[in-house]
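Work through the exercises below with the coordinates open beside the text, and try each task before reading its solution.

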Amino acid sequence: MLISEKQEKKNQKLRNAEYYDMTTTFDKLYAKSKSGAIFNNLIPLISSDENIKLAYRNIKRNHGSTTEGTDNLNIKDLEKIPESKFIELVKKKITWYKPKPVKRVLIPKENGKLRPLGIPAIWDRIVQQCILQILEPICEAKFCNNSYGFRPALSAEHALSRCYRLIQRQNMQYVVDIDIEGFFDNVNHTKLKQQMWHMGIRDKKLLCIISAMLKAPVITPEKQTIYPEKGTPQGGILSPLLSNIVLNELDWWVLSQWEDINAHFQRPCYKNDRGTPNQKNLYMSFRKSNLKKGTARNRQTGTNKK
């Protein structure tokens with residue numbers, strides 16, 4: 001079985017967590033979040049020695065670790081600092097956090113357009129990675145199982161496998177492609193923090209740090225300074241997780257409009273060989289109901305098809 005480069009990176013992060021004995025901590029955070037616990041004192045975990053060393057290890061393996069931010073530093077500059085001094089500096093930055101400006105670069109897209117990419121300073125990337133490692137298991141316990149993007153144990157391959165199973169076993173015939181234009185650039189900061197609060201992340205010091213990250217000045221290629229009032233910088237280590245938090249309510253709402261709806265005259269569902277429920281009968285009941293059918297639009301011909 002071939003393993004993609006992205007999946008190998010995810011596997012390496014799991015091995016790193018085991019090496020620094022953080023796996024048990026992450027498992028406990030996941031279990032507490034699953035049971036509805038409230039987290040109002042996460043900074044000690046974020047600034048722990050082992051979590052900081054794990055953050056450094058994970059960032060060091062990234063291809064982008066050698067890219068310089070606005071402070072003209074990269075991971076090679078941090079390698080020269082003794083470990084004890086490095087940990088002390090990271091703890092100090094977390095305690096009195098003030099992000100440096102983010103460098104914006106424009107990356108060509110397949111359609112010929114340009115994608116704005118934000119590159120935080122290397123010290124800010126370390127802090128973001130420390131936060132990500134603690135927040136991720138908490139958020140994972142709250143995320144929908146049908147969400148596959150930017151997940152530590154899920155990938156595009158899992159999404160494709162799910163699609164094939166729905167097609168072959170449950171006779172689902174259509175895939176709806178929805179694209180939110182400019183999503184990362186239009187995330188509402190207040191709404192994001194409210195969603196984190198409702199997920200049980202109520203450490204006010206941590207929320208203030210994340211707020212400062214989101215409002216960090218952006219230096220454009222034209223050397224102009226922008227002070228963002230919305231959005232998360234594409235390229236930031238924490239941005240993918242924050243985007244999943246924003247979309248979490250939508251994921252659960254879509255699920256509630258299909259899989260979780262009770263059908264009238266529903267025939268019993270049976271289980272597949274591996275024990276997973278086969279909901280073909282449920283979907284057949286929906287097709288025979290008075291629920292309004294969706295309409296798919298062919299991009300090439302411009303015609304509609306039910």
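A residue counts as buried under 20% relative accessible area, as exposed over 50%, and as partly exposed in between. The model used in these exercises is predicted.

**Exercise 1. The patch and Val 254**

Task: Determine which residues make the nonpolar surface patch of about 640 Å², and decide whether Val 254 is buried, partly exposed or exposed.

Solution: The patch is made by Val 176, Ile 178, Ile 180, Leu 250, Trp 253 and Val 254. Of these residues, take Val 254, which is found in helix H11, residues 239-256. Its relative accessible area is 45%, and because this value lies between the cut-offs of 20% and 50%, Val 254 is partly exposed.

**Exercise 2. Positive phi**

Task: Locate Phe 150 and Lys 223, give the phi of Phe 150 and of Lys 223, and classify the exposure of Phe 150 and of Lys 223.

Solution: Begin with the expectation that most residues other than glycine have a negative phi. Phe 150 departs from it with a phi near 55°, and is found in the loop between helix H7 (122-140) and helix H8 (156-170). Lys 223 likewise has a positive phi, near 65°, and its place is in the loop between strand E3 (218-219) and strand E4 (225-226). For the exposure, compare each value with the cut-off of 50%: Phe 150, with a relative accessible area of 52%, is exposed, and Lys 223, at 70%, counts as exposed as well.

**Exercise 3. Salt bridges**

Task: State how many salt bridges the structure holds, and describe the pairs formed by Lys 91, Lys 53 and Arg 151.

Solution: The structure holds five salt bridges, and the three pairs requested are taken in turn.

1. Lys 91 meets Asp 49 at 2.6 Å, N to O. Because Lys 91 lies in helix H6 (residues 83-95) and Asp 49 in helix H4 (residues 49-60), the pair ties together parts that are 42 residues apart in sequence. Lys 91 is partly exposed at 31%, as is Asp 49 at 34%.
2. Lys 53 pairs with Glu 50, the closest N and O atoms being 3.1 Å apart. Both residues lie in helix H4, three residues apart, which is about one turn of the helix. Lys 53 is buried, with a relative accessible area of 18%, whereas Glu 50 is partly exposed at 31%.
3. Arg 151 pairs with Glu 140, with 2.7 Å between the closest N and O atoms. Arg 151 lies in the loop between H7 and H8 and Glu 140 in helix H7, so this pair ties together parts that are eleven residues apart in sequence. Both Arg 151 and Glu 140 are buried.

Terms used: Residues numbered from 1 in each chain as written. Predicted model: local features only at pLDDT ≥ 70, side-chain atom pairs only at ≥ 80, totals over all residues. Heavy atoms only, no water. Helix = DSSP H or I, 4+ residues; strand = E, 2+ residues; numbered from the N terminus. Buried < 20%, exposed > 50% of the residue type's maximum accessible area, 1.4 Å probe, protein only. Patch = residues over 30% accessible without salt bridge, like charges linked within 9 Å, V, L, I, M, F, W, Y side chains within 5 Å. Areas by Shrake-Rupley, 256 points an atom, 1.4 Å probe, with all protein chains shown as cover. Salt bridge = Lys/Arg side-chain N within 4 Å of Asp/Glu carboxyl O.
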